[in-house]
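Hi,

Here is the structure I promised to pass on to you. Have a look when you get a moment, and my notes are just underneath.

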Number of protein chains: 2
Amino acid sequence: MHIRQATPADGPRVWELLEPVFRAGETFAVNPAISRADALHGWMDAPRATYVAESDGRIVGTYYLRPNQQGGGDHICNCGYIVDRASRGQGVAEAMCRHSQASAQAMGFAAMQFNLVVATNEGAVRLWQRLGFAVIGRIPDAFRHPVAGLVDALIMYKRL
Amino acid sequence: MHIRQATPADGPRVWELLEPVFRAGETFAVNPAISRADALHGWMDAPRATYVAESDGRIVGTYYLRPNQQGGGDHICNCGYIVDRASRGQGVAEAMCRHSQASAQAMGFAAMQFNLVVATNEGAVRLWQRLGFAVIGRIPDAFRHPVAGLVDALIMYKRL
């Protein structure tokens, strides 16, 4: 697998990865009806950096990296990761998370924080814990899951 | 004290309240060098609503109210409050926080969350606790305080 910075030319393929995840509304706090333009702006333009993971020349995952807060809080970063449905269970998320930690360190970030890990997203919670993230908070009824209803969300944190 | 929705005409006075607080960089995760235009946009235009507290016809405090997340997380709101230095200790923050909870309920929000309460801001922490907010998380070294250095921040939450 090869992880590299995304370019504007990757937009159409990145949207293929984002669209089903955002439309499903099960894991990201994003309006399920978000437009392609707004979604790509939020994923590829607004963050500090955006990456894609390639396997056999095909993009199978993408992540963004941004400061989680401004001013006195801008030394902690935040990332979001999406893996192509057909490539799940192959270590793509783990590879991207490890890569993002190295990228963040190289940019001078001191820690990484996830603000809203939907508690029903158990695979993600387990993976982040295995990669050294601690649960530092739990938000009651933080997320309206389309199937599970109101579920908690975890706040997770790792010092880099 | 009278609390009402802010209008564009309140901008100059709101900026008088925001500027010293943002420039000091001790309580808000805002770039201390933020421009007047960006600060006022973030406080008065971007949020769902912005209010001012008047005492004897003079604005002594202001707060904003916005969804804390989008999509499946947009039923929890977030607020920020600033009280004029000359009017502190007179219950302005408490009055605004109570007002914001009523405003949020009227808008249909189910809970209120503060994402980054700087731990050194002890007066605020005590006040939010007294008003029913629980500490649901603590972010290690979340904030670079200009005097105290790296300090933790609290995540606080109240069901409405």
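Below is what I found, starting with the interface and ending with one residue inside chain B.

Please keep in mind that this is a predicted model.

**The interface**

Chain A and chain B each bring 28 residues to the contact. Together they bury about 2,100 Å², with carbon and sulfur atoms giving 54% of that area.

On the polar side, 16 residue pairs are in polar contact across the interface, with both residues at pLDDT 80 or more. There are also 4 salt bridges between chain A and chain B. One of them joins the side chains of A:Arg159 and B:Asp141, at 2.9 Å from N to O.

As for where the chain A side comes from, strands S5 (111–118), S6 (134–145) and S7 (149–159) of chain A each supply at least two residues. S6(A) gives the most, with 9 residues. Sorted by class, the side of chain A that touches chain B holds 13 nonpolar, 10 polar and 5 charged residues.

**A serine in chain B**

I also looked at B:Ser100, which sits in helix H3 (residues 92–106) of chain B. Is B:Ser100 buried or exposed? Its relative accessibility is 0%, so B:Ser100 counts as buried, the cut-off being under 20%.

Which residues does B:Ser100 touch, beyond its neighbours within four places in sequence? They are B:Tyr63, B:Leu65, B:Cys79, B:Tyr81 and B:Met112. With B:Tyr81 there is also a polar contact, side chain to side chain, at 2.7 Å.

Happy to talk it through whenever suits you.

Best wishes

Notes
Residues numbered from 1 in each chain as written. Chains lettered and ligands numbered in written order. Predicted model: local features only at pLDDT ≥ 70, side-chain atom pairs only at ≥ 80, totals over all residues. Heavy atoms only, no water. Contact = heavy atoms within 4.5 Å. Buried area = accessible area lost by both parts, 1.4 Å probe. Polar contact = N/O pair within 3.5 Å; in protein donor to acceptor, adjacent residues only side chain to side chain. Helix = DSSP H or I, 4+ residues; strand = E, 2+ residues; numbered from the N terminus. Nonpolar A, V, L, I, M, F, W, Y, C, P; charged D, E, K, R; others polar. Buried < 20%, exposed > 50% of the residue type's maximum accessible area, 1.4 Å probe, protein only.
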